[in-house]
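Me: I'd like to go over how the labels on this one are earned. Let's start with what counts as touching.

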Amino acid sequence: MKSTKINTAQNLHSMISQQVTFDSLIGQYVSMKDKVSIKHSTVHNHSLIGEKSRVLLSVIMDHVKMGDNCNIQNSIVCSEAHIEDNVTLRDCVVGFRCTVPRNTDAKGETFVKESEEMKL
């Protein structure tokens, strides 16, 4: 699989080939595999976006690993989160260092690590 690393020194052509819209912000050292689409979103530094994944109207923070065939819409993914393959998230929040298991299809949910949940 081909992987493209985007940093501030690279030209706009590299981002266009990965279908990144002009109004999206891509941080330094972001790796994107083939057929990635990022529209109206922000992807922070040192993140990896898997093959055939789509990010729409979302914020992906630092050091996030996103698997292949993911669809993230109107969501926030916090730093060091891991989204496994074939995940669809709509209107969701993924907490710090949280893992979203493969084949998850969620709408309007919040994912947090068990140790970070508030205990009443």
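Reply: Contact here means heavy atoms within 4.5 Å. Keep in mind that this is a predicted model.

Me: Which residues is Leu89 in contact with, leaving aside its neighbours within four places in sequence?

Reply: Leu89 meets that cut-off with Asn71, Ile72, Gln73, Ser75, Ile83, Val94, Val100, Ala106 and Phe111. Leu89 also turns up in the largest nonpolar core, a set of 25 residues, where Ile83 and Leu89 have the most contacts inside it.

Me: Why is Lys35 called exposed?

Reply: Exposed takes over 50% relative accessible area. Lys35 has 62%, so the label fits. Lys35 sits in the loop between strand 3 (30–33) and strand 4 (37–39).

Me: And why does Glu80 count as partly exposed?

Reply: Buried is under 20% and exposed is over 50%, with partly exposed in between. Glu80 comes out at 35%, so partly exposed it is. You'll find Glu80 in the loop between strand 11 (76–77) and strand 12 (82–83).

Me: What makes the phi of Lys35 worth a remark?

Reply: Most residues other than glycine have a negative phi. Lys35 is not a glycine, yet its phi is positive, near 60 degrees. Glu80 also has a positive phi, about 65 degrees, and is not a glycine either.

Me: Where does pLDDT stay under 50?

Reply: Over residues 7–16, for which the model has eight contacts beyond four places in sequence. Where pLDDT is low, the predicted coordinates should not be read in detail. For the chain, the average pLDDT is 87, and 81% of the residues score at least 70.

Key:
Residues are numbered from 1 along each chain as its sequence is written. This is a predicted model: local features need pLDDT of at least 70, side-chain atom pairs count only at pLDDT 80 or more; totals for chains, interfaces and linings use all residues. Side-chain values use heavy atoms; hydrogens and water are left out. pLDDT is the predictor's confidence in each residue, from 0 to 100. Helices (H or I, at least four residues) and strands (E, at least two) are DSSP runs, numbered from the N terminus. Buried means under 20% relative accessible area, exposed over 50%, partly exposed in between (1.4 Å probe, protein chains only). A nonpolar core is a set of buried Ala, Val, Leu, Ile, Met, Phe, Trp, Tyr and Cys residues joined through side-chain atoms within 4.5 Å.
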